[in-house]
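Here is a short, friendly briefing to read alongside the structure. Please take a look at the model below, then follow the notes by topic.

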Amino acid sequence: MREFRGRTAGVTGGASGIGLGIARALADEGANVVVAALDEGAARQAAEALRARGLRRLAVPTDVRRTDS
């Protein structure tokens, strides 16, 4: 896998399912992760779970269908 240490990855749908799996995999490879999801609470919860990996993380409520989001 490509080197992600020190880089930042944004994952839409990162609060659950495949998106959360991708966020975890990126965090395991050393990436800082921005978890974007419709459900702000779920995004925050997922981001907190990534904190245990010792990386910077951020939860952002996002609706990819809306350009202002």
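Is glycine 6 buried or exposed? Glycine 6 is exposed, because its relative accessible area is 62%, over the 50% cut-off for that class. Keep in mind as you browse that this is a predicted model. The chain holds two helices and three strands, and along the sequence they run in the order β-α-β-α-β.

**Overall shape and surface**

- The radius of gyration of the chain is 11 Å, close to the 11 Å that the globule rule gives for 69 residues, so the chain is as compact as a globular protein of that length.
- Along the principal axes, the C-alpha atoms fill a box of roughly 30 × 20 × 20 Å.
- Of the 69 residues in the chain, 36% are buried.
- About 4,500 Å² of the chain is exposed, and carbon and sulfur atoms supply 50% of that area.
- Among contacts with a separation of 6 or more, 51% join residues that are 24 or more positions apart.
- The chain carries 11 positive and 8 negative charges, and the mean positions of the two sets are 4 Å apart.

**The nonpolar core**

- The largest nonpolar core has 18 residues, and those with the most contacts inside it are Leu26, Val33, Val35 and Leu50.
- At least two residues of this core come from each of β1 (8-12), α1 (17-28), β2 (32-37) and α2 (40-51).
- If you would like one core residue to follow up, try leucine 50: setting aside neighbours within four places in sequence, leucine 50 is in contact with Ala23, Arg24, Ala27, Val33, Val35, Leu55 and Arg57.

**Before the first strand: glycine 6**

- Glycine 6 sits in the segment before β1.
- Not counting residues up to four places away in sequence, glycine 6 touches Gly30 and Asn32.
- Glycine 6 and asparagine 32 are 26 residues apart along the chain, yet their C-alpha atoms are separated by 6.9 Å.

**After β3: threonine 62**

- Threonine 62 lies in the segment after β3.
- With a relative accessible area of 19%, threonine 62 is buried, since the cut-off for that class is under 20%.
- Leaving aside neighbours within four places in sequence, the contacts of threonine 62 are Ala36, Ala37, Leu38 and Ser69.
- One of these partners, alanine 36, is 26 residues away from threonine 62 along the chain, and the C-alpha atoms of the two are separated by 5.5 Å.

**After β3: valine 64**

- Valine 64 is also found in the segment after β3.
- Valine 64 counts as exposed, because its relative accessibility is 65% and the class begins over 50%.
- Which distance separates the C-alpha atoms of valine 64 and threonine 12? They are separated by 7.9 Å, with their positions 52 residues apart along the chain.

**After β3: serine 69**

- Serine 69 lies in the segment after β3 (57-61).
- Serine 69 is partly exposed, because its relative accessible area is 41%, in between the cut-offs of 20% and 50%.
- Apart from neighbours within four places in sequence, serine 69 is in contact with Pro61, Thr62 and Asp63.
- Serine 69 and arginine 57 are 12 residues apart in sequence, and their C-alpha atoms are 19 Å apart in space.

**Putting the pieces together**

- Arginine 57 turns up twice in these notes: as a contact of leucine 50, and as a residue 19 Å from serine 69, C-alpha to C-alpha.
- In the segment after β3, threonine 62 is buried, serine 69 is partly exposed and valine 64 is exposed.
- Threonine 62 and serine 69 are in contact with each other, although one is buried and the other is partly exposed.

Conventions: Residues are numbered from 1 along each chain as its sequence is written. This is a predicted model: local features need pLDDT of at least 70, side-chain atom pairs count only at pLDDT 80 or more; totals for chains, interfaces and linings use all residues. Side-chain values use heavy atoms; hydrogens and water are left out. Helices (H or I, at least four residues) and strands (E, at least two) are DSSP runs, numbered from the N terminus. The radius of gyration is taken over C-alpha atoms; the globule rule is 2.2 Å times the number of residues to the power 0.38. Buried means under 20% relative accessible area, exposed over 50%, partly exposed in between (1.4 Å probe, protein chains only). Contact means heavy atoms within 4.5 Å. Accessible areas come from the Shrake-Rupley method with a 1.4 Å probe; for residues, only the protein chains shown count as cover. Lys and Arg count as positive and Asp and Glu as negative; His and the chain ends are not counted. The place of a charge is taken as NZ of Lys, CZ of Arg, CG of Asp or CD of Glu. A nonpolar core is a set of buried Ala, Val, Leu, Ile, Met, Phe, Trp, Tyr and Cys residues joined through side-chain atoms within 4.5 Å.
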